[in-house]
Amino acid sequence: MTPMHETQVDEVVRAVLSDVLGIAHDRAAAFTTDTGLFGALPEFDSIAVAGVLTELEDRLGILIDDDEVEAEMLESFGALTAFARAKVAG
């Protein structure tokens, strides 16, 4: 399997956020590295966290252990995509 490019990972993260949180794709497309997520988006509450992480696992073919989930990785789009890129890179 060909490794995913960073921009592909970013697009998967955008799609997951859009699909799981029920937000418009164009809204997710406008996210920058500084865009706040958990605590900033009303749609991204504690219940949505599990759905987002499960979808990321499924779509990126990764496994996220419970002890890897930290508040910092959910604070911004940039933090979440950096985490996802690192997991994909292995």
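Buried means under 20% relative accessible area, exposed means over 50%, and partly exposed lies in between (1.4 Å probe, protein chains only). The model is predicted: local features need pLDDT of at least 70, side-chain atom pairs count only at pLDDT 80 or more, and totals for chains, interfaces and linings use all residues. Residues are numbered from 1 along each chain as its sequence is written, and side-chain values use heavy atoms, with hydrogens and water left out.

**Exercise 1. Classify Asp19 and Arg59, then describe their pairing.**

Step 1. Asp19 has a relative accessible area of 40%, so Asp19 is partly exposed. Arg59 is partly exposed too, because its value is 33%.

Step 2. Apply the salt-bridge rule: a side-chain nitrogen of Lys or Arg within 4 Å of a carboxyl oxygen of Asp or Glu. The side chains of Asp19 and Arg59 meet this rule at 2.9 Å, N to O.

Step 3. This pair links distant parts of the chain, with Asp19 in helix α1 (residues 6–21) and Arg59 in helix α3, 40 residues apart. Helices are DSSP runs (H or I, at least four residues), numbered from the N terminus, and strands are runs of E of at least two.

**Exercise 2. Extend the pairing around Arg59 to a network.**

Step 1. Arg59 also forms a salt bridge with Glu55, at 2.8 Å from N to O.

Step 2. Check the spacing. Arg59 and Glu55 are separated by about one helical turn, because they stand 4 residues apart in helix α3.

Step 3. Glu55 has 24% relative accessibility and so counts as partly exposed.

Step 4. Join the pairs: salt bridges link Asp19, Glu55 and Arg59 in a network. The salt-bridge count comes to 6.

**Exercise 3. Place the salt bridge between Glu68 and Lys87.**

Step 1. The closest N and O atoms of Glu68 and Lys87 are 2.9 Å apart.

Step 2. Distant parts of the chain are linked here: Glu68 sits in the loop between α3 and α4, Lys87 in helix α5 (residues 77–89), 19 residues away.

Step 3. Glu68 is partly exposed at 24%. Lys87 is partly exposed at 22%.

**Exercise 4. Compare the surroundings of two acidic residues, Asp10 and Glu57.**

Step 1. Asp10 lies in helix α1. Its relative accessible area is 15%, so Asp10 is buried.

Step 2. Contact means heavy atoms within 4.5 Å. Not counting residues up to four places away in sequence, Asp10 touches Phe77, Thr81 and Arg85.

Step 3. Glu57 is found in helix α3. Glu57 is buried, because its value is 18%.

Step 4. Beyond neighbours within four places in sequence, Glu57 contacts Ile62, Leu63 and Ile64. Glu57 and Asp19 are 38 residues apart in sequence and 14 Å apart in space, C-alpha to C-alpha.

**Exercise 5. Identify the residues of the negative surface patch and locate Asp65.**

Step 1. Patches are made of residues with over 30% relative accessible area and no salt bridge; like charges are joined within 9 Å, nonpolar side chains (Val, Leu, Ile, Met, Phe, Trp, Tyr) within 5 Å.

Step 2. The negative patch is formed by Asp65, Asp66, Asp67, Glu70, Glu72 and Glu75.

Step 3. Asp65 lies in the loop between α3 (46–60) and α4 (71–74). At 38% relative accessibility, Asp65 counts as partly exposed.

How values were computed
Areas by Shrake-Rupley, 256 points an atom, 1.4 Å probe, with all protein chains shown as cover. Lys, Arg positive; Asp, Glu negative; His and termini not counted. Charge placed at Lys NZ, Arg CZ, Asp CG, Glu CD.
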